[in-house]
Amino acid sequence: MNLQVFFFFSSSICFFFHGFFPRVLAEEHASLPPRGWNSYDSFCWTISEEEFLKSAEIISKQLLPHGYEYVVVDYLWYRRKVPGAYTDSLGFDVIDEWGRMIPDPGRWPSSKGGKGFTEVANKVHSLGLKFGIHVMRGISTQAVNANTPILDTTTGGAYEESGRKWTAKDIGIKERACAWMTHGFMSVDTKLGAGRAFLRSLYKQYAEWGVDFVKHDCVFGDDLDVNEISYVSEVLKELDRPILYSLSPGTSVTPAMAKAVNGLVNMYRITGDDWDTWADVASHFDVTRDFATANMVGAEGLLGRSWPDLDMLPLGLLTDPGSNEGPHRTCNLNLYEQRTQMTLWSMSKSPLMFGGDVRKLDETTYSLITNPILLEINQFSSNNIEFPHITSTKNSKKGDDTIYWQSRKCLTDRASEAQVLGLTTCADMKAVGWSSEALEQDPEQICWKQNLGSKHQTPFCLYKRESLLTSDEDITDKQQYQGKLQLLATDQPDFCLHASPKRKVTSKEHKRGSFSPCRWDANQMWELHRNGTLTNSYSGLCATVNSAEAKVNSGGVRSWIATGRKGEVYVAFFNLNPVTTVISAKISDLAKALPSANLNDSSCKYREVWSGKDYGVANQSISIAVETHGTALFVLNCASAL
C-alpha cells in the first residue's frame, strides 16, 4: 500500500512539474471535451450585456445541469453598434491607451470606468458558469493607426528597450493582416520584445477580468501563426488563473498541421465556419475521420488535453453570418439532419458549443442537445473511430421500376479525377514535389510533378511573377519580401494565388487554391526551396497538390463506433444519400474493429436511441433503414456465448 501511494504521488508530481510550478494543485485542463454556449450563431457580433447575461441565467438553469458550463462572447465585443459599423469596418472600435480592445460601453455598460468584463465575469461565475471571450490575432489596425504605446506589465508603464519607448507601429506587420478581416487586425512581430510585451498585456488583462476561456481567431488553418500561438500559450502557463485556449478557424487543417500546435492549446477548429446547411454537415465526415485515425482526439494539450473542434452547433433560433442583427430565423436543417450533426459531434468527441438563442429554446432542440446517451458518448466513450465495414442498400424509382444498389464500405457517386491545391506543414513529406523550369518563349514556371495519380496527367503549373517593390509602396519591412514570388494562374494573368481565404468561409464554401487580384499581400507571397517545397509568407505553410476525386454529388453511407465506460458498444449509422438507405454491419466485423470489447462469438442485445426501439438479440448482424440525411444510433450490450 505504501508503495502504491508513493508511486501515485511521485507520478503526479512528475506530471505537474512538467508544466508550471503554480499548477501543482490545479486540475488538468480540458480533461474532457469542453461544453458550453457561444453567441455567434444567434447574435453574430451584435450581442449586448443585457442579452448575454439573460442568456447566461437560462443556461445556468437549463443547460449547466447537462455540463454546458462555458458562456462565450464571440467577436467584436469592442465594436460600437452604430451606422457604418460592420464585421470588417475600421474606426468603430473601443481601445484603451495601450491599444488593447475593451468592451463597447454602449453595449456593455458595466465596462465603464476601466472595468472591462470584470462585472460580467463576476455575474457569470455567480451562476456557476465559466466566462469566455473571442479575440483576434495580433493587434488592431486602429491601434496601429493611432500608434499607441505598449504596456510593460512588469513596470506598469510604457515598454522601453534600447533606450526608446516602443509603439504599435513598431510591432504591427501590415503585410500579415487577417485575410478575412483585412481592416481589423494584423500580426505582431513576436521576435521583438515589444511585440511579446503587447501580447502579454492582453492576456494578463483577460485574466484580471476573470476570463476562463479564450477563443483565438485568425491564427489557425490557412491563417496559421505558430509564433503567436506559441507565445500566447507561454503566457497562459504563467497566469495564476486557468484559461482554456481555443483556436479558430480551421480551413485546410490536416492532422500534420495540428500536430505542430495541439500541445499548446485545448481546442482547435478543424473546419471552416459551420452553418445550418446539409452541405456543411456532410463536409465534416472526412476531416473528422482523419483526426480520429491520427489519434488526435484527446491528445496532449495546454496543461492537459486538446480536442479537434467541429465548430458550434447552429440549432434552434439563429441569425446569419456577417449580419448586423440578432436571432431572426429558425435552423434550416431538418430533424434528421440535426440528429446526424449532433451524433457525429458526439461520436467524434468534439467540444459541444451550442449556438442557438437560449431565450427561445424549443423543446425539440433542448432534447437533442441534452440527450443523455449522446452526452455520455461525447464525454466518456473510448476507441472512437470511423467504421468502414458496412453494407448498404438504397433505392431510387424510375417510373414503376425500383432499382437497388448494394456496396461494401461506403456508397459514393461516380467521381472524376482532379488536382486540388492545398496547404500543409512544411515538415510533411507530402509538401515536397515542386520544381522550377524555363519553358521556350514562356516565363519561368513552378510545377508540381509528384504523385500525379496518372503518368499521363499534365503537371500542375503556375507562372512566376517577381514581386518587385516600388518606392511608393507603404511596406513596413521591404527587406523580408525581396526575392519572393507571386504565382499566376495561366489563364488569369492578373490574378495571383493566395494561401488564405479572403473572407471567413463556411465549411461547404471553402475551396483550396484560390486566386485573387495581384497585390502586395503576404498571403500571395511564395518562396521555392531547393528541397522542393513552396512556402507561403503569410502562414509559413507549404503548398501541396493532390489528385483527388471530385464528386459530382456527395453521398454514401458512413458509420462510427465507440466503447462505453460500462462495456457497452455504440454504433452510429449515417445516411448521406438523397434516398432512404438500409445500412447493415456484421457483429464479427465490429469485433475485429474493437478487439477489447469481447464481441467474438457473442450474443448482443441492442436498441436504437432515436426510435427507442429494443431489437432484442443480434447474433450475427444489425441492420436498419435510415432516412435521407439521417442517422441511427445503436447501444449494444454483449455477453459471451456459453
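Which residue forms a salt bridge with arginine 107? I looked this up first and found aspartate 104, the closest N and O atoms being 3.5 Å apart; I took a salt bridge to be a side-chain nitrogen of Lys or Arg within 4 Å of a carboxyl oxygen of Asp or Glu. Arginine 107 and aspartate 104 are both buried, where buried means under 20% relative accessible area, exposed means over 50% and partly exposed lies in between, with a 1.4 Å probe and protein chains only.

**Ground rules**

I note that this is a predicted model, in which local features need pLDDT of at least 70 and side-chain atom pairs count only at pLDDT 80 or more, while totals for chains, interfaces and linings use all residues. Residues are numbered from 1 along each chain as its sequence is written, and side-chain values use heavy atoms, with hydrogens and water left out.

**Salt bridges**

I searched the whole structure and found 23 salt bridges. In one of them arginine 329 meets aspartate 320, with 2.7 Å from N to O; arginine 329 counts as buried because its relative accessibility is 16%, whereas aspartate 320, at 29%, is partly exposed. I also found that salt bridges with shared partners join Asp286, Arg289, Asp290, Glu386 and Arg558 into one network.

Within that network I looked at arginine 289 and aspartate 286, whose side chains meet at 3.4 Å, N to O. Both residues lie in helix 11 (residues 284–293), and because they are 3 residues apart there, about one helical turn separates them. For helices and strands I used DSSP runs numbered from the N terminus, with H or I over at least four residues for a helix and E over at least two for a strand. An α-helix has 3.6 residues a turn, so residues three or four places apart point the same way. Arginine 289 is partly exposed at 28% relative accessibility, and aspartate 286 is partly exposed at 33%.

**Tyrosine 68**

I then turned to tyrosine 68, which sits in the loop between helix 3 (49–62) and strand 2 (70–73). Is tyrosine 68 buried or exposed? It counts as buried, because its relative accessibility is 0%. Leaving aside residues up to four places away in sequence, I listed what tyrosine 68 touches, including Arg35, Ile59, Leu129, Met342, Ile369 and Leu375; contact here means heavy atoms within 4.5 Å. Leucine 129 is 61 residues away along the chain, yet its C-alpha atom is 8.4 Å from that of tyrosine 68. I also noted that the side chain of tyrosine 68 reaches the backbone oxygen of isoleucine 369 at 2.6 Å.

**Helices**

Helix 3, which comes before the loop of tyrosine 68, has 14 residues and reaches 20 Å from its first C-alpha to its last, close to the 20 Å expected at 1.5 Å a residue; the expected span is 1.5 Å times one less than the number of residues. I found Phe52, Leu53, Ile58 and Ile59 among the buried residues of helix 3. What covers the buried residues of this helix includes strand 1 (35–38), strand 2, helix 4 (118–126) and strand 3 (130–135).

For helix 7 (residues 193–209), which has 17 residues, I compared the expected span of 24 Å with the 24 Å between its end C-alpha atoms, and the two agree. Helix 7 is mostly covered, with 14 of its 17 residues buried, and it is followed by glycine 210, whose phi is positive, near 100°.

How do helix 12 (residues 335–347) and helix 14 (residues 372–380) cross, and at what angle? I found that their axes come within 7 Å and cross at roughly 30°, the axes being lines fitted to C-alpha atoms over the stretch in contact and the angles running from 0 to 180 degrees between N-to-C directions. Helix 12 and helix 14 are therefore roughly parallel, a term for angles under 35 degrees. Among the residues that meet are Met342 and Trp345 in helix 12 and Leu375 and Ile377 in helix 14.

**Backbone entries**

I recorded a cis peptide bond from serine 248 to proline 249, with omega near -10°; proline 249 lies in the loop between strand 12 (244–247) and helix 9 (255–258). Leucine 303 is not a glycine, yet its phi is positive, about 55°, and it counts as buried because its relative accessible area is 17%.

Conventions:
Polar contact = N/O pair within 3.5 Å; in protein donor to acceptor, adjacent residues only side chain to side chain. Parallel < 35°, antiparallel > 145°, perpendicular 65-115°, else oblique.
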